[in-house]
There are 2 protein chains.
Amino acid sequence: MEVTRENFKTLLPTIKADIDEAEFFAIDGEFTGLTINGIAITPFDTPAEYYKKLKDGAMDFLFFQFGLAAFKFDEAAKKYNHKAYNFYLFPRPDLRTKKVADSRFLCQTSCIDFLAEYLLDFNKVFKQGISYLNSPDEKKALDLLEERKENMLNSEKETEDEITVPSDLELCVENACSQVEDFIKSEAEEKEIILLKNNSFLKKLVYQQVSKRFSEDGIELITINKALIARKNYSKEQKEKDILEKFEAEKKEIQDVVGFTLVIRQLAQSGKLIIGHNFLIDLCHILNQFFSPLPEEYNEFKSMLHDIFPRLLDTKYMCHSEPFTNLLPTSTLAQLLPVICKSPFKLPEVGCIDKDYGYSTSSNKNHEAGFDAYITGLLFITFAHYLGTKFTKESDDVPLTKMNVLNRFINRLHLMKVNDTYIDICGNDPDVSRDHVFYVTFPSIWRFKQIADLFRPVGNIVVSWIDETSAWVALSKPDMAPDMVYVDTSEYDDVTILSYEQRRRTMRRYQSTSSSATPQLLFSPDTSSALKKRKREVQSTAACSNIAATAAGRRRSRSSGRESFSRRSFETIPEEAEEVDSPIRKKRLIDDCEKTSKCDKKMEFDENDAWD
Amino acid sequence: MEVTRENFKTLLPTIKADIDEAEFFAIDGEFTGLTINGIAITPFDTPAEYYKKLKDGAMDFLFFQFGLAAFKFDEAAKKYNHKAYNFYLFPRPDLRTKKVADSRFLCQTSCIDFLAEYLLDFNKVFKQGISYLNSPDEKKALDLLEERKENMLNSEKETEDEITVPSDLELCVENACSQVEDFIKSEAEEKEIILLKNNSFLKKLVYQQVSKRFSEDGIELITINKALIARKNYSKEQKEKDILEKFEAEKKEIQDVVGFTLVIRQLAQSGKLIIGHNFLIDLCHILNQFFSPLPEEYNEFKSMLHDIFPRLLDTKYMCHSEPFTNLLPTSTLAQLLPVICKSPFKLPEVGCIDKDYGYSTSSNKNHEAGFDAYITGLLFITFAHYLGTKFTKESDDVPLTKMNVLNRFINRLHLMKVNDTYIDICGNDPDVSRDHVFYVTFPSIWRFKQIADLFRPVGNIVVSWIDETSAWVALSKPDMAPDMVYVDTSEYDDVTILSYEQRRRTMRRYQSTSSSATPQLLFSPDTSSALKKRKREVQSTAACSNIAATAAGRRRSRSSGRESFSRRSFETIPEEAEEVDSPIRKKRLIDDCEKTSKCDKKMEFDENDAWD
């Protein structure tokens, strides 16, 4: 069911009832971008670094679609049914909240283009999106309202200096005054007249003149919805009552702006199992947009997350864990559905609670948040079923969410692009050995070849570029790490190798002495700094090739022109960068190998950039 | 005529011809936002400060619609005709330029909401927008292409270390090799086969194995559009020819991405008069998006602007200059059309060159860039006509753009919200006296009243708040400035008054010693810092009212609770902030006074926020 601001208020009670009745939920968010420039994730980030990069680099994108699939077990039919909602969101600033929340949001051009290809209706987002407000902003709006109310209730006449009416406004002011005069004399029933609707300067002038001349005649002035209104025979009690009524109405307006946040709050309050696929980024956005800004500290984030959502499950984490990691050729959501329909998996029948509120597996609405949430729920059911029938004797009568065999997946979050660790929300993150990983700095003209030459004594390597002069280098055979003593940098002036631990210590020292790093190059293209560097590098090789050659070290065999070209433009030999030699990655390669013909633009984006 | 990427290439020759034939142009841009938080313009900014604020605070919004109205004099009918285009723009990153230009852009929620109200079709923007690329990005893309071409033409076999094929990828690699084997033996006519379409790691493995095993058999490998292709009987000449062809095709693709930029370049090259309304922000965006990033220095900006567009005219500057400033009740574009249809103005008949490419005054498409450009052109024609008939003897035979009486308006840009100066593109900006303006700092609990009390010796004042503890204060009667000696701050510990010149000197010293200021609060709501301050202030007044009272100074007559409320929530007495007592402002007040009943949500936005 599509939910926009047109039907949200009507549907809210139903949604709340569905949340009350469901056994578990799957959710999914869609955003206007994924990463800002200059904040790239590397395969050897720690979970805390990873969190900081998301917090600094992804939270300014717009959360524009939220999918909610609620699942409920049908005891009679012994199967799960679902009800799905696809919410369009837009944090529309309202008159009452504009000063609190006229936010700016970021869009990543390639993401917008990708979404446009999937026929996302942006008009529906911007025109019909349901508004939302996080808790601090809601509190600010309510505080402002409360203060204004107190102010109006307690107002006494100010003995402020009178502003002289400029000659060209005299006519306007006099007009207003004679309107009031007529109003006082009038015997008609009307108890108020509108004097002015806008322009604070003129309203101020009229306010001063009318107060001065007519307060003895029982005229009270009040501003409602920016209009200056004159009232007569206006008792103090009536005025107070009007003020209170007006502010109650405004409070309701703020509640309308809080809008979709109410759904998320109720989800959180349910304490039930909530499932997502590649869940971390959704959860960061959810906390940030609907609760409060993400904390600076990673551990604070973990406890905030656990306080709000006590039971979470990430199906992408499952995909990358035993036994699934060896059974799945991909962990991309859109590609998993056909996989779980085939042996060794068995997708149980999952029905609709109400046909207007459901999807089927053939709906083919990839990247619609509601559909993705539904598919995520199916993944969970299939995986849980597989574990239940294969590994335990937990019968079908135990609700899936209560199965002990799931415990080792609960509250653990996958880290996209990082393959050897994860976030353990309730405990310490796993202590992984990165003894085979090294932080290397080198001259900017170095390419894979030079690094591979340097590391020849320890065999094959995988290089993850950080920038033009530094990279993480992982040994393909971790047990070769002790042989690093044979890797000799003494011949180079400007090559350094640090162990992973040494590098981490340096970073920690750096972070504790410097202020929190701010993203650079916020809006310039991804590679602009790299390109600038490259350009300088091209120049230095051309104009001062001797110096460049010296800088590159004596062992470099050739310093031909072509070595000065960016590795990014190296087409005949595919890039070695960013390839992490993990089992799942290889699986995906095989999978792709089998279906190369299906490759199209959408696939490419999916594979490279999408977070699902 | 609506122009999207569907019809752009077809229309481009017509557009170019129209630019060649026109006498002058009016243009208009639409953006996804106006100001980022924390960078507010005050009425006493210098033109250089104003420029810096625009550069730092407005350039990250998306330029999504460009209106071009070309005007041409019909000698026979003695009237102007026009042809108008409304271009939808979106800087879509292409395969060839994605690495150069996958930009991020900012949206201001209230602006998006405003545009949605005006029924802007965002889908058309994102799906059908014509791409564009500024000159440095175009150069980068072409450089990258050139380097890749050279690289491919000069490629020799790399003697790179062979990567051991991981066991689980062996099958894939062997498959590819036997494909090549079959291909070599095959007697079919085909000269190439596609081996792999994606996944660089696998392509690298296959590349290595196939090169190793089959290079003796005349097999050449080439990557085209990311696909790894094997070719046989492939002569060096043929390979070179193919590479050159391929890169010519890619060059054309980049040209397509440059897209709309070609129109702007031709407009610039024409050297003809180009007219805009409230032109500065459009011009900043135009330079930034279609030429190159705005220079840091204000004077560099002026010369860059003049180099690119030698003849500019800002109709908003005309509105604020004699004789128009006294004849117009408003300078907001949407409100000017009815005004110029009435005496003392006379809107000459302006026809269409082609009915598919034109608007009429009744089109009522406010905020569509093409329509706004058309109206801007009508304004210019009407104003020029008024000047021509009223003040000079220049006959109808002189083309409007050649009239000497227009010279004093050429290359001068209005500064929105700043009323006493302007930008003189080709010369020094006017030297305005701000001897009656003072920079005042005060305790955060001060309101208008306390400041007015302080300035009582010099009469009425206008306060322009900078933040909670500082403001510009202008004397309503400038000639009272010498009496400032009677304004006595000695009674207060924490009140300072600087003359406008003193403050400017301090700022210049500050700027020359500190690095260039970066905007703060980029994505938090406008008033968040103010609100935080206010909150603290409320607490201090409540909890330590004595201290607060002392801080506020002995002369403050009352320290009642209500004084601690934010001036922003002060409703019964309209805000005094931000009112600048200029003639045009007052005129607009009268105008509004006459039509208060028309006030609606759109009007409010327009009056307060719109830059037209």
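Biologist: Which residues of α11(A) and α12(A) meet?
Modeller: A:Leu280, A:Leu283, A:Cys284, A:Leu287 and A:Phe291 in α11(A) meet A:Phe301, A:Met304, A:Leu305 and A:Ile308 in α12(A). Contact means heavy atoms within 4.5 Å. This is a predicted model, where local features need pLDDT of at least 70, side-chain atom pairs count only at pLDDT 80 or more, and totals for chains, interfaces and linings use all residues. Residues are numbered from 1 along each chain as its sequence is written, chains are lettered from A and ligands numbered from 1 in the order written, and side-chain values use heavy atoms, leaving out hydrogens and water.

Biologist: How does that contact divide by class?
Modeller: It has nine nonpolar, no polar and no charged residues. Ala, Val, Leu, Ile, Met, Phe, Trp, Tyr, Cys and Pro count as nonpolar; Asp, Glu, Lys and Arg as charged; the others, Gly among them, as polar.

Biologist: What are the distance and angle between the axes of α11(A) and α12(A)?
Modeller: The axes of α11 (residues 279–291) and α12 (residues 298–308) of chain A come within 11 Å and cross at roughly 80 degrees. That makes α11(A) roughly perpendicular to α12(A). The class runs from 65 to 115 degrees; under 35 is roughly parallel, over 145 roughly antiparallel, the rest oblique. Axes are lines fitted to C-alpha atoms, for helices over the stretch in contact, and angles run from 0 to 180 degrees between N-to-C directions.

Biologist: Why are α1(A) and α10(A) described as parallel or perpendicular?
Modeller: α1 (residues 8–21) and α10 (residues 261–270) of chain A pack at about 10 degrees, axes 10 Å apart. They are therefore roughly parallel to each other. Residues of this contact include A:Phe8 and A:Lys16 of α1(A), and A:Gln266 and A:Leu267 of α10(A). By class, the contact has seven nonpolar, two polar and two charged.

Biologist: What makes α10(A) mostly covered?
Modeller: Eight of its ten residues are buried, that is, under 20% relative accessible area (exposed is over 50%, partly exposed in between; 1.4 Å probe, protein chains only). Among them are A:Val263, A:Ile264 and A:Arg265. A:Gly271 follows α10(A), with a positive phi near 65 degrees.

Biologist: Where in chain A is confidence lowest, and where highest?
Modeller: pLDDT is the predictor's confidence in each residue, from 0 to 100. Helix α18 (residues 528–543) is lowest, at a mean of 29, and strand β9 (residues 273–276) highest, at 98. Helices (H or I, at least four residues) and strands (E, at least two) are DSSP runs, numbered from the N terminus. pLDDT stays under 50 over residues 515–612 of chain A. Where pLDDT is low, the predicted coordinates should not be read in detail.
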